[in-house]
Amino acid sequence: MAGVDTPVLDANVLFGHLLGLAPEQVALRPDVELGPGALRGLESATCRRERREPVAYITGRKAFRRLEISVNQDVLIPRPESELLVELGLDLWDASRDATAVDVGTGSGAIALALADERPGRRVVGTDCSRAALRVARGNARRLRLARRAKFRLADGASGVDLNGAVVVANLPYIPSAALAALAPEISRWEPGLALDGGTDGLAVIRRAIAQVGRGQARAAAFEIGPGQADTVKTLLRRAGFARTAVHRDLAGLPRVVTGTRVS
């Protein structure tokens with residue numbers, strides 16, 4: 001299918017979406033008959049996938065942690081790798097239960113909403129510089145009945161947010177500008193460049209955000225990173241006042257998140 005790596009899986013997801021079935025159930029229902037509307041929908045979805053549009057944009061949804069997140073081309077598609085950022089954010093938050101959690105660069109709101117969902121009774125703030133992304137995040141919050149505990153606001157990073165004592169999590173752009181064109185077509189053609197482009201070294205946005213959370217006296221912070229960025233981000237966090245830092249690897253063994261905590 002047009003160079004797609006997982007054609008069978010993708011076909012099952014798209015077929016299941018049209019029929020209201022889980023992907024693994026599709027093969028168990030060979031007797032299902034498609035009406036004219038479903039056939040047109042399947043043809044449209046197949047054509048879109050052949051153009052390398054991500055499956056999540058075609059179906060309009062993506063599973064993340066315990067949630068189903070609505071997505072469109074205004075936001076990045078939540079990745080399984082980012083679940084590590086949620087886990088570490090929860091650990092940092094549990095160590096400071098009265099703190100507000102702040103998700104910088106929230107996009108679809110997936111990380112902020114996962115935090116709110118898994119820690120009932122606590123408050124989360126998500127920020128983004130894109131109004132279109134915030135519309136997606138707020139829509140997800142309403143649909144998932146988390147709007148009372150997860151609030152979203154327009155901001156340049158964490159600008160204007162009260163960070164004193166907060167726990168900050170951030171999955172910000174970290175891909176070097178020169179590397180964007182070499183990404184898979186599903187990413188380079190379809191996902192928003194604003195959420196991908198990290199500048200010359202990939203750290204322009206992260207560097208600015210770390211300076212903000214340092215000045216704001218956040219208690220702890222966790223940043224998702226790209227290849228080769230761990231040592232630099234650790235240094236930036238230490239210079240911003242986070243004396244205790246650590247690098248955390250994902251399930252593939254790759255450095256994925258750097259955390260920093262202030263020492264009292």
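What follows is a conversation in which a trainee asks a mentor how certain labels on this structure are justified.

Mentor: This is a predicted model, in which local features need pLDDT of at least 70, side-chain atom pairs count only at pLDDT 80 or more, and totals for chains, interfaces and linings use all residues. Residues are numbered from 1 along each chain as its sequence is written, and side-chain values use heavy atoms, with hydrogens and water left out.

Trainee: Why is T261 called buried?

Mentor: Buried means under 20% relative accessible area, exposed over 50%, and partly exposed in between, for a 1.4 Å probe and protein chains only. The relative accessible area of T261 is 11%, so T261 is buried. T261 lies in strand 9 (residues 255-261), where strands (E, at least two residues) and helices (H or I, at least four) are DSSP runs numbered from the N terminus. Leaving aside neighbours within four places in sequence, T261 is in contact, meaning heavy atoms within 4.5 Å, with residues including L92, R219 and F242.

Trainee: What makes E118 and R65 a salt bridge?

Mentor: A salt bridge is a side-chain nitrogen of Lys or Arg within 4 Å of a carboxyl oxygen of Asp or Glu. The closest N and O atoms of E118 and R65 are 2.7 Å apart, so the pair fits that rule. E118 lies in helix 6 (residues 110-118) and R65 in the loop between strand 1 (61-64) and strand 2 (67-70), so the pair ties together parts that are 53 residues apart in sequence. E118 is buried at 15% relative accessible area, whereas R65, at 25%, counts as partly exposed.

Trainee: How do you know that E191 and R79 form a salt bridge, and is E191 buried or exposed?

Mentor: Their side chains meet at 2.5 Å, N to O, so this pair also satisfies the salt-bridge rule. E191 has 6% relative accessibility and therefore counts as buried, while R79, at 27%, is partly exposed. By the salt-bridge rule the count comes to 14.

Trainee: How many disulfides does the structure hold, and why is C47 called partly exposed?

Mentor: The structure holds zero disulfides, a disulfide being a pair of cysteine sulfur atoms within 2.5 Å. The relative accessible area of C47 is 32%, which falls between the two cut-offs, so C47 is partly exposed. C129, at 49% relative accessibility, counts as partly exposed as well.
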